[in-house]
Amino acid sequence: MKRAVFLACFTAVFLVQGAWAILGQTPKPPGPLRTQKITGDLYMISGEGGNVALYTTGEGVVLVDDMFDRNHADILAQVRSVSDRPLKYVINTHQHDDHAGGDMKMLPIAEVIAHKNVRANLKDLKRPYYEDTPGTPIGLPRITFTDELDVHLGGKDVQAYYFGRGHTSGDAVIYFPELKAIHTGDLFLSTRAGGRAQGPPRPPGVPIYVDYVQGGSFFAWSKTLDGVLKLDFDTIIPGHGALATKADLVAFRGKVAAMVTRLTGLIKGGKSKADVAKVLEDDYGWRSTGCPPSPPTGGCLQYQQLDALMTELGR
């Protein structure tokens with residue numbers, strides 16, 4: 001009897017301590033956001049997570065992505081700063097929580113749309129925790145599509161396209177045909193990559209992240225961008241970084257292809273994981289030194305999927 005009472009008390013104390021540890025974690029405060037007008041009724045919200053597109057119509061607002069869960073209130077404040085119409089739709093470019101982390105809080109007030117692989121990835125999340133913030137609630141999109149989807153609102157059109165794998169298996173490109181503008185998500189990053197401040201220039205390459213755990217493909221990335229480039233557009237809202245142009249995407253696509261070709265040659269030529277990691281770090285700026293094998297760690301995500309990258313490019 002005494003043993004049973006002791007075990008019951010010990011279990012209760014353990015559970016209380018565990019709950020206190022979870023509740024005692026200090027959540028990250030949201031970072032400041034800013035909104036800039038791009039053209040017509042299209043705006044870009046930026047500041048902490050991935051870039052958000054904000055498109056206003058006479059019947060309501062369409063967002064592309066919604067940053068982290070912690071940015072939810074500030075995102076809605078940015079919407080109200082440019083429109084008094086209700087938020088109607090949120091379209092995800094992919095499922096990473098710097099782009100779709102606010103979905104759970106968006107679902108009561110808007111329809112959340114994503115490629116079908118986004119929903120599948122979120123239902124079967126292969127992570128020790130949810131991306132940036134442990135315990136972030138996951139909101140599953142209620143509307144999904146396979147190849148193409150059209151949203152018609154207030155006399156305006158927004159189109160979502162799936163051209164294939166790249167950053168993940170569910171990357172969507174969102175097209176605003178009347179404005180000749182697109183949101184690429186993380187299929188394209190507007191960065192100044194490929195050169196050093198001093199010394200010889202780096203080989204053509206870009207600091208992209210192939211999320212193999214969630215279906216990404218380095219080899220397919222440039223082919224996917226070929227599909228994007230068939231759209232008629234001038235302006236790009238990238239997943240991260242400043243506004244860009246179609247010429248920037250053409251250059252980015254070429255660097256991805258060149259990088260794949262070089263790495264494939266190294267891997268098929270018998271270079272070890274350590275050799276490839278050194279090339280990625282020295283020539284392309286990917287961090288490997290000091291990176292633990294797991295769990296997913298900021299700045300180390302690319303290196304932590306190097307085994308999968310070598311398997312794909314070594315076939």
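Modeller: Before we start, a cavity here is a set of grid points where a 1.4 Å probe fits but cannot get out. Also, this is a predicted model.

Biologist: Fine. How many cavities of 30 Å³ or more does the structure hold?

Modeller: One cavity of 30 Å³ or more turns up. The space in the largest cavity comes to about 30 Å³.

Biologist: Which residues line the largest cavity?

Modeller: Its lining consists of Tyr209, Val210, Tyr212, Trp286, Gln302, Gln305, Leu306 and Leu309.

Biologist: And how does the lining divide by class?

Modeller: Six of the lining residues are nonpolar and two are polar, with no charged ones.

Biologist: Switching to helices. At what angle do helix 8 and helix 9 pack?

Modeller: Helix 8, residues 273–284, meets helix 9, residues 306–313, at about 100°, and the axes are 11 Å apart. That makes the two helices roughly perpendicular.

Biologist: Which residues make the contact?

Modeller: On the helix 8 side, Lys273, Val276, Ala277 and Leu280. Helix 9 supplies Leu306, Asp307 and Met310. Of these contact residues, five are nonpolar, two are charged and no polar ones take part. Leu306 also appears in the cavity lining.

Biologist: Now the sheets. What is the strand order in the one with seven strands?

Modeller: The order is 1-2-3-4-5-6-7, in an open sheet with mixed pairing. Strand 1 (34–39) and strand 7 (143–145) are the edge strands, each pairing on one side only. From one strand to the next, the twist averages 25°.

Biologist: How do strand 1 and strand 2 run, parallel or antiparallel?

Modeller: Antiparallel, with five bridges joining strand 1 to strand 2, residues 42–46. As one of the pairs, Thr35 has Ile45 in strand 2 as its bridge partner.

Biologist: Which strands does helix 2 lie across?

Modeller: Helix 2, residues 72–82, lies across strand 1, strand 2, strand 3 (52–56), strand 4 (61–64) and strand 5 (87–91). Its angle to strand 3 is about 35°. Helix 5, residues 116–123, also packs on the sheet, where it touches strand 6 (111–115) and strand 7. The direction of helix 5 makes about 95° with that of strand 6.

Biologist: What about the sheet with six strands, which strands stand at the edges?

Modeller: That open sheet runs 8-9-10-11-12-13, with mixed pairing. Strand 8 (148–153) and strand 13 (244–245) each have a single partner strand, so one side of each is left without a neighbour in the sheet.

Biologist: How many bridges join strand 8 to strand 9?

Modeller: Six, and strand 8 runs antiparallel to strand 9, residues 156–161. Asp150 stands opposite Gln159 in strand 9.

Terms used
Residues numbered from 1 in each chain as written. Predicted model: local features only at pLDDT ≥ 70, side-chain atom pairs only at ≥ 80, totals over all residues. Heavy atoms only, no water. Axes fitted to C-alpha atoms, helices over the stretch in contact; angles between N-to-C directions. Helix = DSSP H or I, 4+ residues; strand = E, 2+ residues; numbered from the N terminus. Parallel < 35°, antiparallel > 145°, perpendicular 65-115°, else oblique. Contact = heavy atoms within 4.5 Å. Nonpolar A, V, L, I, M, F, W, Y, C, P; charged D, E, K, R; others polar. Pairing = 2+ DSSP bridges. 1 Å grid on protein atoms, 1.4 Å probe; cavity = no way out; pocket = protein on both sides within 12 Å on 5 of 7 lines; lining within 4 Å. Points joined across faces, edges and corners; volume = space filled by probe spheres on them.
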